[in-house]
Amino acid sequence: MQPIVKTDFTFDYRQLIIEHNQIEIPEDYSYDQNQVAITSFDGKNVLVDNKFNEDYKRIPEADLNLMNECFKNTYVAEVIKKINEKYNTTKWRFMKLTPERRAYSYHKDETKRLHIPLLTNDECFFIIEKQLYEMNQPGVMYEMDTTQYHTALNLGWTDRIHMVGAFSE
């Protein structure tokens, strides 16, 4: 199987961007300015601070499944509900790479991921096991095998935002 597979799911990425942009992230750099939790263990924790980020990694992914209050009754919640008709998902986030923060660490995850590109450019790539891949169709959902070593890169001059959820088979 290819490490990235395009699915038949497509969503209104413009509406997802609108809802992403409505979240207020304090300009306090104890918070991760580039990550918003859509689901969490308590349904309240949208902002990811540095300490929470370390704790977040210790929480089993299966427990990060409660829709955060600010996303209830939104298109984001509708999208996740539709996806959950086929997939067993958890740990949904908006993840952003900017021209200033261009990459994530090269790492493995415990489960695979679903990605919905919302904002992207032709200079955004994934590296999986030292091979280069693209996922640049906004609104299209992709399955990605993140149990292999991988990273994401934004080498362009505009932001890259994906809606990302963990899934188990």
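A residue is called exposed when its relative accessible area is over 50%, buried when that area is under 20%, and partly exposed in between. With these cut-offs in hand, glutamate 85 counts as exposed, because its relative accessible area is 60%, and lysine 82 counts as partly exposed, because its relative accessibility is 41%.

The structure discussed here is a predicted model, and its confidence deserves a look before its side chains do. The mean pLDDT of the chain is 88, and 89% of its residues reach 70 or more. Confidence is lowest in α2, where the mean is 53, and highest in helix α3 (residues 75–83), where the mean is 98. Where pLDDT is low, the predicted coordinates should not be read in detail.

**Salt bridges**

The structure holds four salt bridges, and three of them are listed in this table.

| Acidic partner | Basic partner | N to O distance |
|---|---|---|
| glutamate 61 | lysine 91 | 3.7 Å |
| glutamate 85 | lysine 82 | 3.5 Å |
| aspartate 109 | arginine 113 | 3.7 Å |

The salt bridge between glutamate 61 and lysine 91 links distant parts of the chain, since glutamate 61 lies in the loop between α2 (50–58) and β5 (66–67), whereas lysine 91 lies in strand β6 (residues 88–97), 30 residues apart. Glutamate 61 counts as buried because its relative accessible area is 6%, and lysine 91 also counts as buried because its relative accessibility is 11%.

Aspartate 109 and arginine 113, whose side chains meet in a salt bridge, are both buried. Salt bridges that share partners join Glu61, Lys91, Asp109 and Arg113 into one network.

**A buried arginine without a salt bridge**

Which side chain of opposite charge is nearest to arginine 160, a residue that is buried yet has no salt bridge? That side chain belongs to aspartate 159, and it is 10 Å away; a salt bridge requires a side-chain nitrogen of Lys or Arg within 4 Å of a carboxyl oxygen of Asp or Glu, so this pair does not form one.

Arginine 160 lies in strand β12 (residues 160–168), and its side chain makes a polar contact with the side chain of histidine 162, at 3.3 Å. Leaving aside neighbours within four places in sequence, arginine 160 is in contact with several residues, among them Met95, Lys96 and Leu97, as well as Tyr104, His115, Phe126 and Asn154.

Technical notes: Residues numbered from 1 in each chain as written. Predicted model: local features only at pLDDT ≥ 70, side-chain atom pairs only at ≥ 80, totals over all residues. Heavy atoms only, no water. Helix = DSSP H or I, 4+ residues; strand = E, 2+ residues; numbered from the N terminus. Buried < 20%, exposed > 50% of the residue type's maximum accessible area, 1.4 Å probe, protein only. Lys, Arg positive; Asp, Glu negative; His and termini not counted. Polar contact = N/O pair within 3.5 Å; in protein donor to acceptor, adjacent residues only side chain to side chain. Contact = heavy atoms within 4.5 Å. pLDDT = per-residue confidence, 0-100.
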